[in-house]
Amino acid sequence: MMWWKKARVLGLLALSVIGAGWLGDSAAALFSAIPGLCASRLAFGEFGLALLWFLVSFGLFCSALVLLYRHRSDVIHTSARALPATGYAGHAALIMALSNLRPDQTQLAEGLRSLGIACFRKPAAADPPLLERLPWMQNLRLLCDSLSGRKETLRYVVIIASPESDPQVDLFESIARDALKGLGIESVVFERQEGVAPDANDFDALLLHVERAHTRCLRNMGGRRGRVCIDITSGTKIYTGAATSFAVTRGIPFSYVDNIGRVHYAMARVELPHLLEP
């Protein structure tokens, strides 16, 4: 933090403390002057001074708070950090987008059922077969990684589809269930977004659906404390921006699958840097 920003924040903090002290003392003096005002008009001057002191103290305190809020970015920083693969506790609910498959890819997707669970866990080859290049491969990698012996067990998935991929959700769910059977898991609940599928290029609509999906996850976990993860891999770049924005502002972990099939997790956190550090 630059020296003048440090001085500004420290000065505003000092004004806040002074203003709070004066506000308390002036309020006590104001209330003490009221009985005298009622008993004699001669006490009007004392009451007026007490009222003036109260108003000045109130103005100073409120001004310092408003300026502190305006310059809060000098003190409060948000940063994202990668979570270690071995230390990540896992998540009970997952929100993910579903990319649209072309007609020829839809027929090819049936072949994903024949892939063993090991295929969804190993890194992609330098030149992977056509089947493993399908966008849904990334979703399946994430689902399998979410059930890789972590402390929290995945039990609920919300899929946010576009108008084009919405008719393909049932096919994806069927393929995903077959993949999870390889792990001996059949209890995961799959649901699609509420209402009409959002336009893949409408940031506001996508952000709203991500928020609704997060609310559904919390509700369907029965009020129990559980971690919700938002995947930013699939879907359009606009969905990725909306999902990342929501995850950062809510402090929710988010996941992404890189180009060689490795699953990563990250999380944003709010930091309060020390004002006196160089």
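This report describes helix H8, the buried residue Asp-231, the exposed residue Pro-167 and several salt bridges in a predicted model.

**Overall composition**

The secondary structure of the protein consists of eight helices and seven strands. The chain has 278 residues, of which 40% count as buried. Among contacts between residues at least 6 apart in sequence, 75% join residues at least 24 apart.

**Helix H8**

Helix H8 spans residues 237-250, 14 residues in total, and its first and last C-alpha atoms are 20 Å apart, close to the 20 Å expected at 1.5 Å a residue. Its buried residues are Tyr-239, Ala-242, Ala-243, Phe-246 and Ala-247. These residues lie on the same side of H8, because they cover an arc of only 130 degrees around the axis. An α-helix has 3.6 residues a turn, so residues three or four places apart point the same way. On the other side of H8, Lys-237 and Thr-249 are exposed.

The elements that cover the buried residues of H8 include strands E2 (93-98), E3 (156-161), E5 (228-231) and E6 (254-257), together with helix H7 (203-220). Just after H8, Gly-251 adopts a positive phi of about 65 degrees.

**Asp-231, a buried acidic residue**

Asp-231 is located in strand E5. The residue is buried yet has no salt bridge, and the nearest side chain of opposite charge, that of Arg-141, is 11 Å away. A salt bridge requires a side-chain nitrogen of Lys or Arg within 4 Å of a carboxyl oxygen of Asp or Glu, which is why Arg-141 at 11 Å does not provide one.

The side chain of Asp-231 does take part in polar contacts: one of 3.0 Å joins it to the side chain of Thr-233, and another of 3.0 Å joins it to the side chain of Ser-255. Not counting residues up to four places away in sequence, Asp-231 touches Leu-94, Ile-95, Met-96, Leu-142, Tyr-239, Ala-243, Ser-255 and Tyr-256. Of these, Tyr-239 and Ala-243 are among the buried residues of H8.

**Salt bridges**

Side chains of opposite charge can pair when their charged atoms come close. In this model the count comes to eleven salt bridges. Three of them are listed below with the separation of their N and O atoms.

| Salt bridge | N to O distance |
|---|---|
| Glu-110 and Arg-113 | 2.8 Å |
| Glu-173 and Arg-177 | 3.2 Å |
| Glu-211 and Arg-250 | 3.3 Å |

In the first row, Arg-113 is partly exposed, with a relative accessible area of 30%, and Glu-110 counts as partly exposed at 38%. Glu-173 and Arg-177 both lie in helix H6, four residues apart, about one turn of the helix. Arg-177 is partly exposed, with a relative accessible area of 28%.

The pair of Glu-211 and Arg-250 links distant parts of the chain, since Glu-211 belongs to helix H7 and Arg-250 to helix H8, 39 residues apart. Both are partly exposed: Glu-211 has a relative accessible area of 34%, and Arg-250 one of 44%. In addition, Glu-191, Glu-194, Arg-216 and Arg-219 are linked in a network of salt bridges.

**Pro-167**

Pro-167 is placed in the loop between E3 and helix H6 (169-181). Its relative accessibility is 63%, so Pro-167 counts as exposed. The C-alpha atoms of Pro-167 and Asn-100 are separated by 9.3 Å, although the two residues are 67 residues apart along the chain.

Key
Residues are numbered from 1 along each chain as its sequence is written. This is a predicted model: local features need pLDDT of at least 70, side-chain atom pairs count only at pLDDT 80 or more; totals for chains, interfaces and linings use all residues. Side-chain values use heavy atoms; hydrogens and water are left out. Helices (H or I, at least four residues) and strands (E, at least two) are DSSP runs, numbered from the N terminus. The expected span of a helix is 1.5 Å times one less than its number of residues. Buried means under 20% relative accessible area, exposed over 50%, partly exposed in between (1.4 Å probe, protein chains only). The arc is that of the directions from the helix axis to the C-beta atoms. Contact means heavy atoms within 4.5 Å. Lys and Arg count as positive and Asp and Glu as negative; His and the chain ends are not counted. A polar contact is a pair of N or O atoms within 3.5 Å; within protein, one must be able to donate a hydrogen and the other to accept it, and residues adjacent in sequence count only if both atoms are side-chain atoms.
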